[in-house]
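Q: Please take a close look at a single part of this model, the part you would centre a walk-through on. Keep it chatty, but spell out who sits beside whom.

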Amino acid sequence: MTGEPTEHSVWRRELARELASFYASDSSVTMICLGGSSARGIADRWSDIDLIVYWDALDEKTVRSGVPGLQRTDMLPTSAGTFIESYHLEGLKVDFGHVKLSDWKNWMEPLHSTPEPDPELVNMAGGFLSSMVLHGRECFREMEKTYSSYPTGLAEYILRKNMGFFVSNYLSGQCWERGDLAAWFQ
């Protein structure tokens, strides 16, 4: 982001910190990150809050019980041992994704070992790198080292895949001026 975060981002970041504190108090939680427009500082009044909780050993009982005092609107097991839970707070959607850190690292490994990885993995790495750490800064720094330096072959693959994809002036007009550096560099 090139400027100050929007007022909507600032408010959402504070709320995210407050909501994340429930999971951060669990000793099995290694890291919690805020993603999306709130983390990048470009949230507007329609933006949601996206949190990812990385667990050493995912405590399914804790996840299923939910954040105390909040009414959960959805709970989805997405794959073995991962969950997405949703809350709606006066029209604001808040999603918590839950994943074991070891599973996340296993999913991301092909970024460095496969010359043409799944584009979704590239998007996941970009989302991770543009996130805001709310808990577990040291863990984030270690992982950031891994995902911030793509092998040359992967960088060339991403460029080839995306050449001509963006409409005229997207990068300079929308990404750069809006301050969305994650999209600019991605």
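A: Two strands count as paired if DSSP finds at least two bridges between them. Keep in mind throughout that this is a predicted model. Let's start from strand E2, residues 49-55, and work outwards. On one side, E2 is joined to strand E1 (residues 29-35) by 6 bridges, and the two run antiparallel. For a landmark in that pairing, take Val53 of E2, whose bridge partner is Ile32. E2 also pairs with strand E5 (residues 92-100), this time in the parallel sense and over 7 bridges. Val53 turns up again here, since its bridge partner in E5 is His98. Both kinds of pairing are backbone business: strands of a sheet pair through backbone hydrogen bonds, either parallel or antiparallel.

How covered is E2 itself? Mostly: 5 of its 7 residues are buried. Asp50 also belongs to E2, but its relative accessibility is 27%, so it counts as partly exposed. Leaving aside residues up to four places away in sequence, Asp50 touches Cys33, Leu34, Gly35 and Asp95. There is a long-range neighbour to note as well: the C-alpha atoms of Asp50 and Lys93 are 8.6 Å apart, with their positions 43 residues apart in sequence.

Now zoom out to the whole sheet. It is open and has 6 strands, in the order E3-E4-E5-E2-E1-E6, with mixed pairing. Strands E3 (72-79) and E6 (132-135) stand at the edges; each has a single partner strand, so one side of each is left without a neighbour in the sheet. On average, neighbouring strands are turned by 20° against each other, direction ignored. Moving along from E5, the next pairing is with E4: antiparallel, over 7 bridges. There, His88 has Lys93 of E5 as its bridge partner.

Helices pack on this sheet too. H4 touches E1, E2, E3, E4 and E5, and its direction makes about 85° with that of E5. Helix H7 (residues 137-148) touches E1 and E6, and its direction makes about 70° with that of E1.

These two helices also pack on each other, at an angle of about 10° and with axes 12 Å apart. That makes H4 roughly parallel to H7, because angles under 35 degrees count that way. From H4 the contact takes Leu101, Trp104, Lys105 and Met108, which meet Cys139, Met143 and Tyr147 of H7. Sorted by class, the contact of H4 with H7 has 6 nonpolar, no polar and 1 charged residues.

H4 (residues 101-108) has a second helix partner, H6 (residues 119-129): their axes come within 10 Å and cross at roughly 130°. That makes H4 oblique to H6. Trp104, Trp107 and Met108 of H4 make the contact with Leu121, Met124, Ala125 and Phe128 of H6. The class tally for H4 with H6 is 7 nonpolar, no polar and no charged residues.

Back to the strands for a few single residues. Glu85 lies in strand E4 (residues 82-89), and at 0% relative accessibility this Glu85 counts as buried. What does the side chain of Glu85 join in a polar contact? The side chain of Tyr23, at 2.4 Å. Beyond residues up to four places away in sequence, Glu85 has a long list of touching residues, among them Arg72, Asp74, Asp95 and His98, along with Val63, Val67 and Val94.

Compare Glu90, found in the loop between E4 and E5. Its relative accessibility is 88%, so Glu90 counts as exposed. The backbone of Glu90 is worth a look too: it has a positive phi of about 50° although it is not a glycine.

Finally, hop to the edge strand E6, where Met132 has its place. At 17% relative accessibility, Met132 counts as buried, because the cut-off is under 20%. Not counting residues up to four places away in sequence, Met132 touches Arg13, Arg17, Ile32, Cys33, Leu34 and Ala39. Ile32 is the residue we met earlier as the bridge partner of Val53. Met132 and Ser38 are 94 residues apart along the chain, yet their C-alpha atoms are separated by 8.7 Å.

Methods: Residues numbered from 1 in each chain as written. Predicted model: local features only at pLDDT ≥ 70, side-chain atom pairs only at ≥ 80, totals over all residues. Heavy atoms only, no water. Buried < 20%, exposed > 50% of the residue type's maximum accessible area, 1.4 Å probe, protein only. Helix = DSSP H or I, 4+ residues; strand = E, 2+ residues; numbered from the N terminus. Polar contact = N/O pair within 3.5 Å; in protein donor to acceptor, adjacent residues only side chain to side chain. Contact = heavy atoms within 4.5 Å. Axes fitted to C-alpha atoms, helices over the stretch in contact; angles between N-to-C directions. Parallel < 35°, antiparallel > 145°, perpendicular 65-115°, else oblique. Nonpolar A, V, L, I, M, F, W, Y, C, P; charged D, E, K, R; others polar.
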